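User: I'd like to go through this model and ask how each label was earned. Can you walk me through the reasoning?

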Amino acid sequence: MDKIISLCKRRGFVFPGSEIYGGLQGFYDFGPLGVEMKNNLKKLWWNWMTKEHDNIVGIDGAIITNPKVWEASGHVKSFVDPLVECKKCHHRFKADDIIEQKCPDCGGPLTEPKVFNILVPTQLGIIEGEKTNAYLRGEACQTIYLNYKNVLDTTRLKIPFGICQIGKAFRNEVTPGNFLFRQREFEQWDLQWFCRPEEMERWFEYWKEERMNWYKSIFTHPENLGFYKHEKLAHYAKKAFDIEYTASPIGKEMEGIHWRGDWDLSGHSKYSGQDLSYTDSETNEKFIPNIVETSGGVDRTFLFLLLDAYAEEGERIVLKLNPKIAPYKVAVFPLLKNKPQLVELAKKIYGDLRKDFATVWDDRGNVGKRYYSQDEIGTPFCITVDFDSLEDGAVTVRDRDTMKQERIQISNLKSFLNQKLNF
Ligand code: GAP
């Protein structure tokens, strides 16, 4: 973890939030490479959901909703963490994490557990005394439930169907930490699958397998992924599983597959007074759809992908990231930066490739150093323009994983890369 955190800072993947003011616990900013990688990841998820399934559509809901939403969802009452505090060093811990009844840091005595709500409150309005209280959303999925009827009314979807969303969530985590793993502001990718109550079992199993297969398709070592079965269930849930990154040195949970039944739509029907039932257009049967939820953490997936891709091979550090996720796909170098003919040809190739692939220019140091530098950020291919290129119209392409080099004609470069990158 320390090596990943240091690499993230050194190379511009992730920076501690508000660092020049001493930081703010549980908040991070994504740098130039991090934002590219995160966007690649979100695009893969989004395309898989909405383009590979013809009965799933997306929404992008507001961060702040009417506060009644969080009463209906049960978060105001039960989104709580029991906490204990050390009477000696005053450090706080989740009561669930305490094994022996003493402070894990200094061995001091602990207070009785106190309950804290972890919704992040905010105030709307500008006039003191007239401000209204609201919450930053504690989970992204609620706006999907709020818009389920709107989506039904504006599309031709029929049950079963899904609504997906990628968006921020905020929690006053008692113990933020472990880098991106437990933050106070983070991003979730959710699918809410609406189906008939009698078909829940089948769809639950279907989405459990589908989501696992998707994660397996993007990890470098898919054997490091597994399921964790929850024994302690929410009162409305019949089943809950986590997809875990089992090789994680910290927490392992990456995505939850939840049996939510009719809890959410029934709750919102009751609190809003609106009828959120579904009418089958063929049979006229009326019922509250049941929901299978797949709710994953974008930031946790990002972190686990880095942990999974990181390797030290002799002197080099290499991120063996899936090329679809790597921030850059190709780097282009002139062998020597003070030879105008080499630079001119390399610039032409660079300009041409960047129209189709995320491409980076590098002319610092020598070629060996540039390879190391690109390996460390996971760039799958490096292209060097040398003196022979001026004669034979070919360049040297070096593969990140095998370190093999081959000569490729410049005119064939795009088709070569398309084939290798499998785009
Ligand atoms: N709507 C269901 C829900 O929010 P959750 O298990 O609380 O379920 C889903 O959250 C996912 O969101 C988790 O599996 C995790 O990947 C991510 N997540 C939750 N809390 C997080 C935090 N404090 N920091 C980063 N990611 C978090």
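User: Happy to start with the sheet. What makes E5-E4-E6 an open sheet, and which strands are the edges?

Analyst: Keep in mind that this is a predicted model. The sheet has three strands in the order E5-E4-E6, with antiparallel pairing. Strand E5 (92–94) and strand E6 (114–117) each pair on one side only, and that makes them the edge strands. From one strand to the next, the twist averages 45 degrees.

User: How do you know that E4 and E5 really count as paired?

Analyst: Pairing takes at least two bridges. Strand E4 (residues 80–85) is joined to E5 by three bridges, so the pair passes the cut-off. The two run antiparallel, and Val84 stands opposite Phe93 in E5.

User: Over to the ligand. Why is the approach of Glu253 to an oxygen atom of the ligand called a polar contact?

Analyst: The cut-off is a pair of N or O atoms within 3.5 Å. An N or O atom in the side chain of Glu253 is 2.6 Å from an oxygen atom of the ligand, so that pair qualifies.

User: And what makes Gln183 and Arg300 qualify?

Analyst: Same kind of check. For Gln183, a polar backbone atom is 2.8 Å from a nitrogen atom of the ligand. For Arg300, a polar side-chain atom lies 3.4 Å from a nitrogen atom of the ligand. Both values fall within 3.5 Å, so both are polar contacts. As for cover, the ligand has 550 Å² of accessible area on its own, and the protein covers 91% of that.

User: Which residues surround the ligand, and which elements supply them?

Analyst: There are 21 residues around the ligand, and the closest are Glu139, Gln183, Glu253, Met254 and Glu293. Strand E10 (185–195), strand E13 (253–261) and strand E16 (290–297) are the elements giving two or more residues to that shell. E13 gives the most, with six. The space the ligand takes is the largest pocket.

User: Now the backbone oddities. How do you know which form the peptide bond from Ile159 to Pro160 takes, cis or trans?

Analyst: Check omega: for that bond the angle is near 0 degrees, and the bond is cis. Pro160 lies in the loop between helix H6 (148–154) and strand E9 (161–170).

User: And what makes Ser18 worth a look?

Analyst: Its phi is near 40 degrees, which is a positive value in a residue other than glycine. You'll find Ser18 in the loop between strand E1 (14–16) and strand E2 (28–30).

Definitions and conventions: Residues numbered from 1 in each chain as written. Predicted model: local features only at pLDDT ≥ 70, side-chain atom pairs only at ≥ 80, totals over all residues. Heavy atoms only, no water. Helix = DSSP H or I, 4+ residues; strand = E, 2+ residues; numbered from the N terminus. Axes fitted to C-alpha atoms, helices over the stretch in contact; angles between N-to-C directions. Near = heavy atom within 4 Å. Polar contact = N/O pair within 3.5 Å; in protein donor to acceptor, adjacent residues only side chain to side chain. Areas by Shrake-Rupley, 256 points an atom, 1.4 Å probe, with all protein chains shown as cover. 1 Å grid on protein atoms, 1.4 Å probe; cavity = no way out; pocket = protein on both sides within 12 Å on 5 of 7 lines; lining within 4 Å. Sits in = over half its atoms within 2 Å of the grid points.
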